[in-house]
Structure formats: C-alpha cells, structure tokens
Amino acid sequence: MKWHPITAVREWLEVRFELEPVFRLLRENLTKPVPPHVNWLFTLGSVLAALLAVQLFTGVLLMISYKPSGQEAFQSVQHITYDVPLGWLIRSAHNWGSHVIVVLALLHLARVVVYGGYKKPRELTWGVGVALLAVILGFGFTGYLLPWDQVAYWGTVVATEAPASIPVVGPLTREFMIGGTEVADPTLGRFYVVHVILLPLALLSLVGLHLLLIRYHGISPLSGTDQPEPGSEEILRRGGRPFLPHHVLKDSAAIYVAIGALMSLALLAPPHLGEMADPLVTPLGIKPEWYFLPAYQLLKYVPEVVGVQVPPLVLVLLLLLPFLFDRSPHRHPRRRLRVLGALGAAAAVIGLLGLLGHLSDTRQTLLGKTYDFDVLGRPHLVEAAEVGGDPPQAEEGRGAGGSP
Amino acid sequence: MRRRVVNAFLGMGFVSTLGGFAGAALAYLWPGASGASGSNLLMGKDGPLSAATLAQDEGVVGRSNLGKVLVIRRGERLVGLQATCTHLGCIVAWNSATQQVECPCHGARYDLQGRVLRGPAREPLAQLQVTAGDEGIRVGPLGG
C-alpha cells in the first residue's frame, strides 16, 4: 500500500489511543440531518462564528503594534494606519468586523426568536447565545477606547459615567471600571486586558458550549414542544438533508459572501482616526457606536439612574424569554403572532431610540426640506434663508471645550 | 466524623486559596486617585494658564487640585466654575454668543452662576474662587 502522511499519523495515533469512538461521534454529528425548514437564515450562526475568527486574526495582528498606554496608544494606532504595511487594512477590517458582527448577532437572534428556537429543551443554548451577545457588546465597548482619539475618549467618559448614578454601588463600580476618578492611563490598561484576554477567553468558552449544545439537541423543529422531536430517519423521510455536505456547502457560501462584504467595506471605507484624546476639551457631536445609540438617547429622556439599568435589563428579559414571556408549546411563527408582534414592537422602539440618537444635534435634509434635530431628536424646520448657516450644535462663540 | 472534619478543612483551604487570590487582585485593582493636579494653580496642556492671555468674554479650561475648572473673563472679573458637566462628565464650554455655559455631549446649559438652565443635567456646576496672579490663575473654593 502506498504510504500517505495522514494514514501514517492516524495509524500512529490508533496504536496509542482508541480513536474509533471519536470518529464515530464525528461521523454521526456531521451527517446528522437538518430539518427541511432549514434555509439560508440558518447560516447566520456559522457566518458569525467565521467572522469572529477573522476578528480574532486581525485583533492578534493589531496587538503586535498597538501600545496600551495613554502616551503611546494614539501614536501606535497612527503607526499601524500609516506606516505598517497593510496596517490600515487590518485595522479597517477589525473595525468593520465589529459592526458586522453586531448586525449578524442581532439577525441570528431574530431568526432564533422567529422560529421559536429557544423553547424546551434548548433554553440553555439560548441563554449561552444571549451571554455571547453581551460578550460581543463588551468587545465593542472596550475596543472603542483603544484608538485613544477624542471620540474614543469622550465616548468612554460618557459611557462609564452613567453607572456612577446608581445609588451606593455606582461611584465605586465606575472607579473600579476606569481605575480612578477619570478616564486615563489605568482605564486604557484595564479595557485593553478585558478586550484582548478576558473577553476572548469568555467568547471561546461560550462559543464552544453553544456549538456543543446545538450539536447535542440538533436544529430546532417547527413542531410544538408537546410533541416528540423527530429522529434522524424521520427528518430524512420528511425531506431533511444531511448536515454534510448539504448544509455545510450553504454555510460555506454564506461565509464567503460575508467575508467578501467585510473586506469590501474595509477597503472602501477605512475608519477615521481623529485627534489625540484631550481630557480638557470635549468635542461636539460625541456619540457612541450605533448599537449603543438607543441607550445614549434614553439617557436624555429619563434620569441616569433609570436609563443606565435599562440595557442590562433588556438582556435579562431576553434571557427569560422562554421562561416568562413565551411559554406556549408552539414553535411555528404563525402560531406565535402575538409574542412576535410584541417583540417586534419592542425592537421597533429600540430602533426608534437609536434613530433619534443618530439624528439628534444634526441638520438633515428630508424631502427637500431642511431640519435641525435638537438634543432630544425633535425636528425643527430651518427657513430657506438660514440653510447654509451652522447647525445649532456648531453655534458661533463657543470658547473653551468648544469646537475642535 | 473524621472524614467530615477532613472535608471541612479541605473545603476551607480551597475557599481560603480562592479568597487569597481574589483579595490580592482586589488590592491590585483598587482605583487610585487621578485627574486632579497637586496645586491650586490652573494648568493647561502646556503649563500654567494666565489671565493676561484670556480675552474679554473668553473661557478656558484647566486642571487644578479642585479638578477641571472653567474660567471665564467678564470685564475685569474672572468667573470660575467646575468644568465637568454634572450629567455625564463631559467638559462644558462657555458660549459667548448665547452667554451660556454649554455641554457638548447632551446639550445641558448653565448660567454664569452654574445654575441649570436646560437639562438633562439636574445639579448645578460648583462656583469657584478665581484669582489672577503672576504665576497664573489660581482657584479655590468659593469664600475660601
């Protein structure tokens, strides 16, 4: 028989370990059929996992040249952007990756909600998924500060100031988070370690557990939880297809499309690097990343002590979805219209808050008319004679701490 | 009985070990003081700030032992206010056109006495004593 390196390694291992059960488990799992209702929407999880791997790859490359100190962080990001070969592209891909991953995570979550995938016996898979969403948002929160430019610095000041309004524990929580009384060098050190060590460890562990649970329970069927779940043969009889190669091919195609889209964004719209952080001057128009805009806008309408507790509360309510709000045995979306309607309305409110946050303190032209959106997001029509002047946020006469 | 005692000791040992690590980490991570400079001299990015370079109706922000302070020239008088917005910690600025102290983050407005004119801030900015000296602007608590 002709010598082959893979066969040789396998034989070497087989002499020392009992590999057959491992191979059998792999074979069983890879060929496990997926139900016929599994469509392209079911590739979102795999695409998400692939983009997280890309993010890990670009993140490790950025770590090599990044220096996490207040004196050097900004210059090191400048160095990555302008001096290191392809540094701008790696940074751009990492930056865009963070946005695309949040979009995909939310779409994946929406898909699971629509198909009732969180219902018994998959509540734990759902819980781990919600925890993963929190980890992904944590990456966004801690990574935002790292470029140490004005927007990063002041966005973090606002975001870390909010928890201080919680009675008793708030101020100390904030000081622990930022390592002092104001965002400075210790904050950068803490955020960096959380961003590059603690969150990746949490992410890898949770992704592993999530995948394990998905493979254990299989893809959620559309039948109710009060009916026994179909076995492999039943799924095949109803028109299901084996995971390998059918669904794997679909996953692969979706992953390549996503990576293509990510790299196109990275190439065509590299992120801006503003001025170096100045703790004495807050620039105008400080806004957080788009996915924190709903929380940012909410803080303008309600007392901070209330507003700051809403985002974690939303995550907790999501976690409790299968236990408190959607306890019927039905999985099919058509039989859960009321629950889906309520969740859709909640999502619309969050989206509206985000939109108002985006529009607030800006001048926009809609259908040929120009509006100044005030701090609360209310539109004020601008007379034709005034158009061309400065929007309200860039009024004349701002002195110290004013326009950069 | 002996087994239970041994188990209790082992359990306590394990908890103590964890507690030791957690305590050391807590001490290491305990937040230190940051931000305020040691003196009452108002410091800008490039050194002490001088009242002489401050034009009429102009404001400037610096650091002192009282934190970040906004100083505004009003004729011969210097007005001093705490510069950190009481809403979410952004640095306020003096707008000579509106004659108001404004926060660029969420739009809070204050008057020259630090009183809130427009939310979302609820608490006023603290007023501070400001004096112009040869070395630069010095700040202190009002009436101090």
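These questions and answers go through a predicted model, from chain A to its cores and then to the cysteines of chain B.

Me: How many helices and how many strands are there in chain A?
Reply: Along its principal axes, the C-alpha trace of chain A spans about 80 × 55 × 50 Å. Its secondary structure comes to 16 helices and five strands.

Me: What share of the residues in chain A is buried?
Reply: Buried here means under 20% relative accessible area. Chain A has 404 residues, and the buried share of them is 43%.

Me: Of the area that chain A exposes, what percentage do carbon and sulfur atoms supply?
Reply: The area exposed by chain A is about 21,300 Å². Carbon and sulfur atoms supply 69% of it.

Me: Which residues touch the most other members of the largest nonpolar core?
Reply: This core has 46 residues. Elements of chain A that give it two or more residues are helix H4 (73-82), helix H7 (150-161) and helix H9 (185-217), and in chain B strand E4 (67-74) and strand E5 (77-82) do so. The members touching the most others are Tyr66(A), Trp148(A), Val92(B), Val101(B) and Tyr110(B).

Me: How many residues does the other core have?
Reply: This core lies apart from the largest one. Among its residues are Val47(A), Ile101(A), Ile136(A) and Leu262(A), and its size is 38 residues.

Me: Is the disulfide of Cys90(B) and Cys105(B) left-handed or right-handed?
Reply: Cys90(B) and Cys105(B) are joined with an S to S distance of 1.9 Å, which is within the 2.5 Å limit for a disulfide. The torsion about their S-S bond is about -90°, so the disulfide is left-handed.

Me: How many residues apart in sequence are the parts that the pair Cys90(B) and Cys105(B) ties together?
Reply: Both cysteines, Cys90(B) and Cys105(B), are buried. Cys90(B) is in the loop between E5 and strand E6 (93-95) of chain B, while Cys105(B) is in the loop between strand E7 (100-102) and strand E8 (109-110), so the parts tied together are apart in sequence by 15 residues.

Me: Why is there no bond between the sulfur of Cys85(B) and the closest cysteine sulfur?
Reply: Cys85(B) is buried, with a relative accessible area of 4%, and Cys103(B) is buried as well, at 6%. The cysteine sulfur closest to that of Cys85(B) is in Cys103(B). A disulfide needs sulfur atoms within 2.5 Å. The two sulfurs are too far apart for a bond because the distance is 3.7 Å.

Definitions and conventions. Residues numbered from 1 in each chain as written. Chains lettered and ligands numbered in written order. Predicted model: local features only at pLDDT ≥ 70, side-chain atom pairs only at ≥ 80, totals over all residues. Heavy atoms only, no water. Core = buried A, V, L, I, M, F, W, Y, C linked by side-chain atoms within 4.5 Å. Buried < 20%, exposed > 50% of the residue type's maximum accessible area, 1.4 Å probe, protein only. Helix = DSSP H or I, 4+ residues; strand = E, 2+ residues; numbered from the N terminus. Areas by Shrake-Rupley, 256 points an atom, 1.4 Å probe, with all protein chains shown as cover.
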